[in-house]
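This report introduces a structure to a reader who has not met it before. It takes up the cysteines, then the aromatic rings, and finally a single asparagine.

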Amino acid sequence: MILVNEKVINGIKYNANLTFPNECCGFLSGKRRKQLLNIDKYHPCENISNLPKQEFKINPVCHIKLQKKLRSLDREVIGVYHSHPNGALELSKKDIYYFGDNNLLWFIIALLDANKSNVIAYMKKNDIKEKFMTCEYNIKYE
Ligand SMILES: [Zn+2]
């Protein structure tokens, strides 16, 4: 089960609006306990792509700094997020190309208009190259 804090969903939507018309990007962190993934924080990073309206490339320094920080907090990186300013719900060809062989979830914020966006989560299917599936997640309200 995937549990995402409401603040995280609102935060990444805000991040996506703020960087429009460019794609925003960052990491999601929390705790992993067997089948339960509990995401409680988001960490915006700089998009260093030369084509930030069409793709994202996370500044690697952001990743390194975050991993150091999380180690001391007993948390880990659970997912990556980025926005689709054009509103596309699906992964782009480039997204699929860069979707690593790691255990990270991918969250996409599809911007429909200034006040409306959808957040979709994807994970890689076991052992099948370039096959992805959307995942259900539950929002934790505080
Ligand atoms: Zn994308």
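Which cysteines form a disulfide, and how far apart are their sulfur atoms? In this predicted model, the disulfide is formed by cysteine 45 and cysteine 62, whose sulfur atoms are 1.9 Å apart. The count for the structure comes to one disulfide. A disulfide is a covalent bond that joins the sulfur atoms of two cysteines.

The link of cysteine 45 and cysteine 62 is left-handed, with -70° about the S-S bond. Cysteine 45 belongs to strand 3 (residues 36-45) and cysteine 62 to helix 2 (residues 60-73), so the pair ties together parts that are 17 residues apart in sequence. Cysteine 45 and cysteine 62 are both buried.

Cysteine 24, by contrast, is in no disulfide. The nearest cysteine sulfur to that of cysteine 24 belongs to cysteine 25 and is 6.9 Å away; since a disulfide requires sulfur atoms within 2.5 Å, this distance does not qualify. Cysteine 24 has a relative accessible area of 2% and is therefore buried. Cysteine 135 is likewise in no disulfide, and the nearest cysteine sulfur, that of cysteine 24, is 18 Å away. With 13% relative accessibility, cysteine 135 also counts as buried.

The aromatic rings come next. A search of the whole structure finds four aromatic pairs, and two of them are set out below.

| Aromatic pair | Distance between ring centres | Angle between planes | Arrangement |
|---|---|---|---|
| Tyrosine 97 and tyrosine 98 | 5.1 Å | 85° | edge-to-face |
| Phenylalanine 107 and tyrosine 137 | 5.6 Å | 50° | tilted |

Why is the pair of tyrosine 97 and tyrosine 98 described as edge-to-face? The planes of the two rings stand at 85°, and an angle over 60 degrees counts as edge-to-face. Tyrosine 97 is exposed, with a relative accessible area of 64%, and tyrosine 98 is exposed at 57%.

In the tilted pair, phenylalanine 107 lies in strand 5 (residues 105-113), while tyrosine 137 lies in the loop between strand 7 (132-135) and strand 8 (138-140), so the pair ties together parts that are 30 residues apart in sequence. Phenylalanine 107 is buried, its relative accessible area being 1%.

Finally, asparagine 15 is found in helix 1 (residues 6-19). Is asparagine 15 buried or exposed? Asparagine 15 counts as buried because its relative accessibility is 9%. Apart from its neighbours within four places in sequence, asparagine 15 is in contact with Cys24, Cys25, Pro44 and Tyr81. Cys24, one of these contacts, is the buried cysteine 24 described above.

Key:
Residues numbered from 1 in each chain as written. Predicted model: local features only at pLDDT ≥ 70, side-chain atom pairs only at ≥ 80, totals over all residues. Heavy atoms only, no water. Helix = DSSP H or I, 4+ residues; strand = E, 2+ residues; numbered from the N terminus. Buried < 20%, exposed > 50% of the residue type's maximum accessible area, 1.4 Å probe, protein only. Contact = heavy atoms within 4.5 Å. Phe/Tyr/Trp six-rings, centres within 6.5 Å; stacked < 30°, edge-to-face > 60°.
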